[in-house]
Amino acid sequence: MRLFNFVTGAVVALAIIAGNMTAITPSAKAQAIDNDPDCDKFSVMWCGSFTKSAIISKYENGDGHSSAANIQSIYTSFGISKADITSATYVDGIVYQNGNVTVGGKVVATSAKTYIRTMGTVSASKMASAQTALVKLNKDGQFEYAIMKPCGNPVSAKNVVPPPKPPAPIPVYNCVSLSARVINVDTRTYGYTLSYTAKNGAALRDVTYAFGDGKTQTGVKPAAVNSVTHTFAKAGTYTTTATLYFTTNGKVVSSACSVKITTSNPPVVPPVTPPVTPPVTPPPTVIPNTGAGSVIALFMGASAIGFAGYRFWMIRKINS
């Protein structure tokens with residue numbers, strides 16, 4: 001019983017493995033990409049053509065097995081002329097059995113058809129595997145035709161029209177506001193603050209300031225637009241204008257805004273006069289009031305002094 005179970009399990013396991021291989025093999029085969037020269041009866045160009053020069057050579061001279069006229073007739077049936085070949089710029093691509101043609105992993109065409117010598121014009125599904133190819137795209141990147149490298153077989157297909165690109169955003173650029181601030185009222189010095197918008201591909205290049213007094217400052221870079229100052233030589237009313245230059249879509253455009261400033265002379269401060277101190281007047285001399293008795297006494301005292309003096313003078317005169 002154990003042996004039977006073992007054998008049964010082994011058979012089931014082999015069946016599962018075989019089933020998985022059956023499922024994997026076609027997928028792997030479908031993804032196989034042939035880049036080897038096909039030197040066989042199926043090739044339009046014997047051993048293929050891996051470069052533009054090789055295609056031109058075999059198209060013009062034949063490939064040693066098929067004549068140039070024969071190859072040209074097949075290419076003509078696919079709408080490919082000598083001028084198409086000689087003027088083409090090719091890119092590497094792949095032609096798949098499901099009819100897709102890819103370039104850089106992107107499907108550029110579907111429903112591919114090719115020419116196989118033993119079958120004529122057939123669907124790409126008749127190919128043995130996916131084939132590397134030289135693909136011709138137009139200036140807009142749309143499929144025109146392809147030539148498979150291993151066999152030189154031409155390929156036509158239905159171009160995949162890419163979805164339209166969303167419209168590019170419209171650049172926005174403008175001067176929003178310009179304001180002035182007093183830095184020093186005595187010297188009439190002002191600073192400026194600038195606000196602007198630049199987006200959707202627009203960028204501020206530089207700014208020119210015209211201060212309204214005949215003076216300007218040009219080439220101010222974005223990092224310095226709010227560091228600009230100006231001193232007015234005299235009092236008055238001035239209009240300062242900032243002209244902003246933007247780059248957008250390879251062009252230079254501009255936008256401007258202004259601010260009005262009224263300056264004045266500094267106020268006149270009168271000189272400080274020191275206070276005047278009035279002179280000090282001494283008080284008048286006051287004779288004390290002594291009454292009538294005092295007056296008589298003073299008179300008699302003065303008379304005595306006068307008599308004494310007179311007597312002294314007479315004595316000196318007699319003695320002389």
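A disulfide is taken here as a pair of cysteine sulfur atoms within 2.5 Å. In the predicted model, a search of the whole structure returned 2 disulfides. Residues are numbered from 1 along each chain as its sequence is written, and side-chain values use heavy atoms, with hydrogens and water left out. Because the model is predicted, local features require pLDDT of at least 70 and side-chain atom pairs count only at pLDDT 80 or more, whereas totals for chains, interfaces and linings use all residues.

One disulfide is formed by Cys39 and Cys47, with their sulfur atoms 1.7 Å apart. The torsion about this S-S bond is about 125°, so the disulfide of Cys39 and Cys47 is right-handed. Cys39 has a relative accessible area of 38% and is partly exposed; this class falls between buried (under 20% relative accessible area) and exposed (over 50%), as computed with a 1.4 Å probe on protein chains only. Cys47 is also partly exposed, at 22%.

A disulfide also joins Cys175 to Cys257, with an S to S distance of 1.8 Å. Cys175 lies in strand 9 (residues 172-184) and Cys257 in strand 15 (residues 251-263), so the bond ties together parts that are 82 residues apart in sequence. Strands are DSSP runs of E with at least two residues, numbered from the N terminus. Cys175 and Cys257 are both buried.

With the bonded cysteines of the protein chain numbered in sequence order, the pairing is 1-2, 3-4. Cys151 has a relative accessibility of 5% and therefore counts as buried.

Technical notes
Helix = DSSP H or I, 4+ residues; strand = E, 2+ residues; numbered from the N terminus.
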